[in-house]
Amino acid sequence: MKAIVVREFGAPNVMKIEDVPEPAPGPGQVTIRVHAVGVNPVDTYIRSGAYARIPNLPYTPGTDVGGVVQAIGPHVTRLRVGDRVYGHAVVGGYAEVALCEDWQAHPLPVNVSFQQGAAIGVPYATAWRALLMRAQARPRESVLVHGASGGVGIASVQIARAHGMHVIGTAGSADGIALVHKQGAHHVLNHRDADYLKRIPSLAGGAGVDVVLEMLANVNLDHDLDVLAPHGRIVVIGNRGRIEIDPRKAMGRDGTILGMTLFNVTRPDLEEIHAGLGAGLENGSLNPVIGKELPLGDAAKAHVAVMESGALGKIVLVP
Ligand code: NAP
């Protein structure tokens, strides 16, 4: 089968398309015929070699796929060959066939395309865990999705709306702003405008926002504290450098800054998350947005694109 193989860490062009043997499922495992695979920023950090968790070389990137079950290993009872599924945390997703444990493959409702299936895993599980588990956001609370036009941001807006929250999103382009509005955000601001932050407290009802989901903490964390309501929570989801903050702003509000990485999620939490996501996909309240679709051989282009500004949903590769 065709797969992207990384034999050395480095720039995007270290990813080469090769013919490799198809994986075979062991006990409790399944293989998925990949119709689309999601490209996440973390794939680029890992490929560059500058990340806390790196795999042994050579490896095939990709954790989030949409496709059909191709083969099942011994003791698998949850799935049948031919089932439409989305896989989250699969091994070797940038390929024609990927491998996972059976509990990592989830039913893909007929109203959700394979491309959309590839956009669920990391972005939607991250958004769900950040909003509902880390921040413990409640219906009626206000949520600032700081960076709402990308994979995690769109998922966050949809999940917050589905839970009855008041949603303010930000994007960095006119198209991004229109897209975030379309996902149901009550207000959308441009995070490149001067003074956009000043508008946030009044849009949130006066006192500030109850929850911030932060996609670029090294730029925004100190400003987030300025627009936080008393007892507010900020969840740091994305960060690409250092920042100085004034801790007094957190003191005065009894505010909380929470870190979060999806790598720390437990299996029971993941099972709860995917049960919730499955319901939302089925009833249409969750509807992943594909911004760009590229052939598998263009993995390097996709890695460049996912790090550029002007996000409009998810980038997927199609084998
Ligand atoms: P993405 O699809 O590339 O989207 C990036 C988002 O950041 C876009 O909405 C972009 O908006 C926005 N952004 C750019 N400049 C910004 C600014 N100054 N202020 C606020 N937002 C800004 O990436 P993603 O998949 O959504 O992931 C977002 C971040 O979270 C990445 O850094 C990723 O590594 C991280 N992440 C962390 C976890 C975790 O477990 N902690 C899990 C998944 C992702 P425009 O392009 O419209 O400007």
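Here are four short exercises with worked solutions on a predicted model.

**Exercise 1. Place strand 15 among its neighbours**

Task: work out which strands pair with strand 15, and in which sense.

Solution:
- Step 1. Start with strand 3 (residues 29-39), which pairs with strand 15 in the antiparallel sense over three bridges. Within this pairing, G38 stands opposite V316.
- Step 2. Turn to strand 14 (residues 290-295), where the pairing with strand 15 is parallel and runs over five bridges. Here E293 has V316 as its bridge partner.
- Step 3. Put the two together: V316 of strand 15 faces G38 and is also the bridge partner of E293.
- Step 4. Follow the chain from strand 14 through helix 10 (residues 299-306) to strand 15, and you have a right-handed β-α-β unit.
- Step 5. Check the burial of strand 15 (residues 314-318): four of its five residues are buried, so the strand is largely enclosed by the rest of the structure.

**Exercise 2. Judge how enclosed helix 7 is**

Task: find which residues of helix 7 are buried, and name elements that cover them.

Solution:
- Step 1. List the buried residues of helix 7: A217, N218, N220, L221, D222, D224 and L225.
- Step 2. Compare with the length of the helix. Seven of the ten residues in 217-226 are buried, so helix 7 is largely enclosed by the rest of the structure.
- Step 3. Look for the cover. Strand 8 (142-146), strand 11 (209-214), strand 12 (228-236), helix 8 (247-253) and strand 13 (256-259) are among the elements that cover these buried residues.

**Exercise 3. Describe the contact between the domains**

Task: characterise how domain 1 and domain 2 meet, using area and salt bridges.

Solution:
- Step 1. Set the bounds. The domain assignment gives domain 1 as 2-120 + 288-318 and domain 2 as 123-263.
- Step 2. Count the participants: domain 1 brings 19 residues to the contact and domain 2 brings 16.
- Step 3. Add the separation, with the C-alpha centres of the two domains 28 Å apart.
- Step 4. Choose a size. An interface is often described by the accessible area lost when its parts come together. For domain 1 and domain 2 this comes to about 1,300 Å², with 63% of it on carbon and sulfur atoms.
- Step 5. Finish with charges: there are zero salt bridges between domain 1 and domain 2.

**Exercise 4. Classify T126**

Task: decide whether T126 is buried or exposed.

Solution:
- Step 1. Locate T126 in helix 3 (residues 121-134).
- Step 2. Apply the cut-off: buried means under 20% relative accessible area. T126 has 6%, so it is buried.
- Step 3. Name its surroundings. Leaving out residues up to four places away in sequence, T126 touches G121, V152, I237, M260 and L262.

Key: Residues are numbered from 1 along each chain as its sequence is written. This is a predicted model: local features need pLDDT of at least 70, side-chain atom pairs count only at pLDDT 80 or more; totals for chains, interfaces and linings use all residues. Side-chain values use heavy atoms; hydrogens and water are left out. Buried means under 20% relative accessible area, exposed over 50%, partly exposed in between (1.4 Å probe, protein chains only). Two strands pair if DSSP finds at least two bridges between them. A crossover is right-handed if, with the strands pointing away from the viewer, the path from the first strand over the helix to the second runs clockwise. Contact means heavy atoms within 4.5 Å. Domain bounds come from an automatic or database domain assignment. Buried area is the accessible area (1.4 Å probe) that two parts lose on being put together, summed over both. A salt bridge is a side-chain nitrogen of Lys or Arg within 4 Å of a carboxyl oxygen of Asp or Glu.
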